[in-house]
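Biologist: Could you take me through one part of this model at close range, and then work outwards from there? I'd like one connected answer rather than a list.

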Amino acid sequence: MTLLITVFAAVVSTLVWYNSDPGSSMKTHILCFMFWGASLMWLVDAIFEYAELGAEYFAPKASDMLGDAFLGLSAVALGLIIWLVIVLVTDPKNRIKNALKSR
């Protein structure tokens, strides 16, 4: 489930990046790198787990799937939080700077 969730997030973030304005300063490429990196990490983990478990890998327990889903969603949420912090710190559209000046 973690692999599936992060691949889905990587594909969505790649589509957003690809369809965004070339001069966009929202740093959506950072999301792509984070989610594709996480997907690659969990792909390697799945390969090694399959090598260890064999055919049992394709019949997980419901509790294991639920735990993996929470882990995948947590990884996506953490990636989005990191991206949000980066965007807020760099303030590409100077909105925070302008809001602080106007006070």
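Modeller: Sure, let's start with leucine 43, which sits in helix α2, the run covering residues 28–53. Keep in mind that this is a predicted model. Leucine 43 comes out at 38% relative accessible area, and since the partly exposed class runs from 20% to 50%, that makes leucine 43 partly exposed. Leucine 43 also has company: together with Leu40, Val44, Ile47 and Phe48, leucine 43 forms a nonpolar patch on the surface. The accessible area of that patch adds up to about 500 Å². As a general point, nonpolar side chains in soluble globular proteins tend to be buried together.

For the buried counterpart, look at the largest nonpolar core, which has 10 residues in all. Its members are Ile5, Ala9, Ala10, Ile30, Leu31, Phe35, Ala69, Val76, Trp83 and Val87. Three elements give two or more residues to this core, namely α1, α2 and α3, the last spanning 62–90. The biggest share is from α3, with four residues. One of the core residues, alanine 69, touches Met1 and Ile5, once residues up to four places away in sequence are set aside.

Now for how α1 meets its surroundings. Serine 13 lies in helix α1, and at 5% relative accessibility serine 13 falls under the 20% cut-off, so it counts as buried. Leaving out neighbours within four places in sequence, serine 13 is in contact with Leu31, Cys32 and Phe35. Two of those names, Leu31 and Phe35, also turn up in the core list. Valine 7 is another residue of α1, the helix made of residues 2–19. Valine 7 is partly exposed, at 30% relative accessibility. The C-alpha atom of valine 7 is 6.9 Å from that of tryptophan 36, although the two are 29 residues apart along the chain.

Next, the aromatic rings. The structure holds four aromatic pairs. In one of them, the ring centres of tyrosine 50 and tyrosine 57 are 6.2 Å apart and the planes make an angle of 80°; centres within 6.5 Å count as a pair and planes over 60 degrees apart as edge-to-face, so this pair is edge-to-face. Tyrosine 50 is partly exposed, with 41% relative accessible area, and tyrosine 57 is partly exposed too, with 26%. Phe58 joins Tyr50 and Tyr57 in one aromatic cluster.

Last stop, the backbone in two loops. Most residues other than glycine have a negative phi. Lysine 27 is not a glycine, yet has a positive phi of about 55°. You'll find lysine 27 in the loop between α1 and α2, where it is partly exposed at 27% relative accessibility. Asparagine 94 also has a positive phi of about 55° without being a glycine. This asparagine belongs to the loop between α3 and α4, where α4 covers 95–101. Asparagine 94 has a relative accessible area of 37%, so it too is partly exposed.

How values were computed:
Residues are numbered from 1 along each chain as its sequence is written. This is a predicted model: local features need pLDDT of at least 70, side-chain atom pairs count only at pLDDT 80 or more; totals for chains, interfaces and linings use all residues. Side-chain values use heavy atoms; hydrogens and water are left out. Rings of Phe, Tyr and Trp (its six-membered ring) pair if their centres lie within 6.5 Å; planes under 30 degrees apart count as stacked, over 60 as edge-to-face and the rest as tilted. Buried means under 20% relative accessible area, exposed over 50%, partly exposed in between (1.4 Å probe, protein chains only). Patches are made of residues with over 30% relative accessible area and no salt bridge: like charges are joined within 9 Å, nonpolar side chains (Val, Leu, Ile, Met, Phe, Trp, Tyr) within 5 Å. Accessible areas come from the Shrake-Rupley method with a 1.4 Å probe; for residues, only the protein chains shown count as cover. A salt bridge is a side-chain nitrogen of Lys or Arg within 4 Å of a carboxyl oxygen of Asp or Glu. Contact means heavy atoms within 4.5 Å. A nonpolar core is a set of buried Ala, Val, Leu, Ile, Met, Phe, Trp, Tyr and Cys residues joined through side-chain atoms within 4.5 Å.
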